[in-house]
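Please open the model in your viewer, with the sequence panel beside it, and follow the stops below in order.

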Amino acid sequence: MVSINALLAVVPNAIKDAMDKDALEYLGEVIADETDSAAVREAAEPFLADAGMTESELDSMFSRLNLSAAGNSNTASSSVSPSAIGGQVAVPADAGRLPQPLALKDGVRKPSSTSTPVNESKPASSASQPETGQPKQPASATKKKAKSATIAMPQVQAYSQQSRFHMETVSTLSKDVDLKNVNVTVGDHELLVDTRLWLKAGCHYGMVGRNGAGKSTLLSVIGNKTLVGFPENIRTLYVQQLDVLDTDISVVDAVLAADSDLQKRMDDIKGIERALQSPKALKAAIDAYINRVGNERIFLAQKTATLRSGRRGKIARAAALKAEQTMLDSIRSELYSGCKTDADVAADILTTLYAQLDETDAHSAEAQARAILSSLGITEEQQDKPVSLLSGGWRMRVALAKAMFVKPDIMLLDECTNHLDLAAIAWLQDYLVTLEDITIVCVSHDRDFLNAVSEEIIRLKDKQLSYHPGNYDEYEQTEDELRKKKERQYASLERRREHVKKSIDNFMKHARSTNDSKVLGQMASRKKKLDRMAGLDKTEDGKRFKLSYWAGFHDTMRPELKLERAEKEVDFSIPQPEAMRNTGPLVSLKAISFAYPGSGSGKPKQHAVLDNISMSIMMGDHIALLGLNGCGKSTLVNIIKGDLKPTKGAVEQQARLRIGHYTQHFVDELTGVQESGLSLLTRDYPDTKEGEIRKWLGSFELSGSLATRPVHTLSGGQRARMAMAIMLFSNPHILLLDEVTNHLDMYAVQGLIAAINEYEGTVILVSHDRHFVRETADEVYALNNGKLALLEEGIDEYIDRYIES
């Protein structure tokens, strides 16, 4: 059995606060005697969805809800504790660009926080701590998946310069975006300061920058519509790395859910129609509808008040305040006018909602979604199956189908190639190139992919955005040439300054010895010339510099020549392995085969993955394994490590062999870890001094506060480097690297390439990053239909043979 308090313990505070008290009391009575998780979800989902929870958030929450533990955590009473109910007025997800409506707390309205979560598509697990009586969760092991933990997510504020007199920053006929003075902060940490966000309609951008610089956060505040001042008429779609993963809803429903306006109305209809037979449930469903409509109207009033000034602003702010205080009562009075019953009001609401759906042609939405999915090669049978059954490549097609369904003006792709195989990446890059009418902003660590899809590069550096024409290789070449040009200018300027300074010193010495006043006058003239040589003498386009080009007041007579240093690559510290006593193979695979047991009635059929593979792995080998997702690469790696035993054949390892294994899900497992990296290593290696561990983490650019911060607060790239540091601390002889470049930025990838090439131990790579494989692997093997074949021409032969053919 589960109590309402146990359910609310795993509900995010923002959702909990948006739920009506009467609805919670009714929900507590409904689920009090339920022991089946599906029944609990069926009862609670309409209320949680009305409060603003998405399907992915619901999936995540119910996966954390343990009914057996929940039943013991509280008494059987279904009453709701005061601390469990925040009573906040629900705010629509797209209302985050302006201050939130006033919260309702203990009958008194108070201002709620204006900050928004970093990523609204993922639940910000800020629920209350487990209550007394629940068993304590054990501490997370270094390489074990983190337990469900209450983690307070950092708060984000994002805003830009706005006009108080016009609406051009909020609504515009143009599909271009040109926002001045954009600022983004996470807690007390500034990511962007007074920079320009400039996106030209139809242009395809690649975004690069250091891990932790704020790339994902910027895409999030744009895609989730929490950037104040972003044009409202421009539709955006934020496709995250795990946007359509780990959900049991069907493929077609996942696409339909992309239209949030349609989904809100469909949820209202579903909630009311489901509650028609229960008076209490019907009242709760009507209250949820009133909350949604009321908060949308409050948001519009606040937006008008924010943009107006003077007398108009004063009137607008008074109207907004009145709306916040009386809106819900006003809507309720409007609906219940004429002494209507709940049934009458429900009928009126359903009539209104169905009319709104007719206006938007919503009844053909499913047919449109299925047509889009079919055009992407997804069969009707696949469309009705859960998304979780699809591979990574097909899930990305579902994400793109969502984009085509909502017809966005701007598509934001955050590490969209992670977990895709080479065939899926090739299909994706070819498809994105055809989207000429959609503005695309793509964050990716895959150099070849960025080169194929990017027309311009956006660089995020030093809290500023800069824009560079061309793809990534052209950007690097241009930046390198510009840097060298400035270095030559600086060296030439310094030589001339030194020559003039030397001549001044010589003449001054001569003038003092002869008391020649004419020479002193010449020296004053030369000193002015030296002051003029304190900056640029030519503009960037080669023209001679003139003071009229430089408006304003300045401390020097010319702009200072600033040298931009090349981006420093991450200096990964991979310790050299100890010598082995035996000079033979470290691992020998002798005619191994492997098959997973099948399921079904009668004698189960086995699913063969590997077939008669023989291989000798020597010290110093750098090997890459290529193949489609699901072909058995990770299985082969686990057999080499010894975690799996082959169904046929034998595996031999040298004695005292140490193997380091970096899995493609290691970073995701660190997402919920509340301990710091320093604490993790100190616990696992208690005999090592703290100073040595700090020095080790510093070699992965995790020094200072990054070493002591909870791991879950680090960015994806920083967690990837933390995972590398943990894995390499044991000084292994063999590195098994499964999709190690996921989450790393370009500079970290280049640093890892350099470190692997200097490493004298054995490296076995599983990667779909073409540039990374070319630069690190001496031998490339293709795994296809259970057979392992050596490719003499490397990864390019694999692309020619299996992708382009």
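The tour goes from a strand and its partners to a loop residue, then to salt bridges and a charged patch.

This is a predicted model, in which local features need pLDDT of at least 70 and side-chain atom pairs count only at pLDDT 80 or more, while totals for chains, interfaces and linings use all residues. Residues are numbered from 1 along each chain as its sequence is written, and side-chain values use heavy atoms, with hydrogens and water left out.

**Stop 1: strand β7**

Select residues 204-209, which form strand β7; helices (H or I, at least four residues) and strands (E, at least two) are DSSP runs numbered from the N terminus. Six of the six residues of β7 are buried, where buried means under 20% relative accessible area, exposed means over 50%, and partly exposed lies in between (1.4 Å probe, protein chains only). In a regular strand the side chains alternate between the two faces of the sheet. In β7, His-204, Gly-206 and Val-208 point one way, whereas Tyr-205, Met-207 and Gly-209 point the other way.

Which strands are joined to β7 by bridges? Add residues 439-443, strand β10, which runs parallel to β7 and is joined to β7 by four bridges; two strands count as paired if DSSP finds at least two bridges between them. Here His-204 stands opposite Ile-440. Then add residues 456-461, strand β11, which also runs parallel to β7 and is joined to β7 by five bridges, with Tyr-205 opposite Glu-456.

**Stop 2: Gln-240**

Select Gln-240, in the loop between β8 (236-239) and α8 (251-256). Is Gln-240 buried or exposed? Gln-240 counts as buried because its relative accessible area is 8%. Now show Val-443 as well: the two residues are 203 apart in sequence, yet their C-alpha atoms are 9.9 Å apart in space.

**Stop 3: salt bridges**

A search of the whole structure finds 31 salt bridges, each being a side-chain nitrogen of Lys or Arg within 4 Å of a carboxyl oxygen of Asp or Glu. Select Glu-334 and Arg-297, whose side chains meet in a salt bridge at 4.0 Å, N to O. This pair links distant parts of the chain, since Glu-334 is in helix α11 (residues 310-335) and Arg-297 is in helix α10 (residues 279-307), 37 residues apart. Arg-297 is partly exposed, at 35% relative accessibility.

Move on to Lys-340 and Asp-348, which form a salt bridge at 2.7 Å, N to O; Lys-340 is partly exposed at 31% relative accessibility, and Asp-348 is partly exposed at 31%.

Next, select Glu-690 and Arg-694, which form a salt bridge at 3.0 Å, N to O. Both are in helix α23 (residues 690-698), and because they are four residues apart, about one helical turn separates them. Glu-690 is partly exposed at 45% relative accessibility, and Arg-694 is partly exposed at 34%.

Finally for this stop, select Asp-261, Lys-264, Asp-268, Arg-292 and Glu-296 together, which are linked in a network of salt bridges.

**Stop 4: a negative patch**

Which residues form a negative surface patch? Select Asp-778, Glu-779, Glu-792 and Glu-793 to see it. Glu-792 lies in the loop between β21 (787-791) and α28 (795-803), and counts as exposed because its relative accessibility is 65%. Patches are made of residues with over 30% relative accessible area and no salt bridge, with like charges joined within 9 Å and nonpolar side chains (Val, Leu, Ile, Met, Phe, Trp, Tyr) within 5 Å.

Notes
Accessible areas come from the Shrake-Rupley method with a 1.4 Å probe; for residues, only the protein chains shown count as cover. Lys and Arg count as positive and Asp and Glu as negative; His and the chain ends are not counted. The place of a charge is taken as NZ of Lys, CZ of Arg, CG of Asp or CD of Glu.
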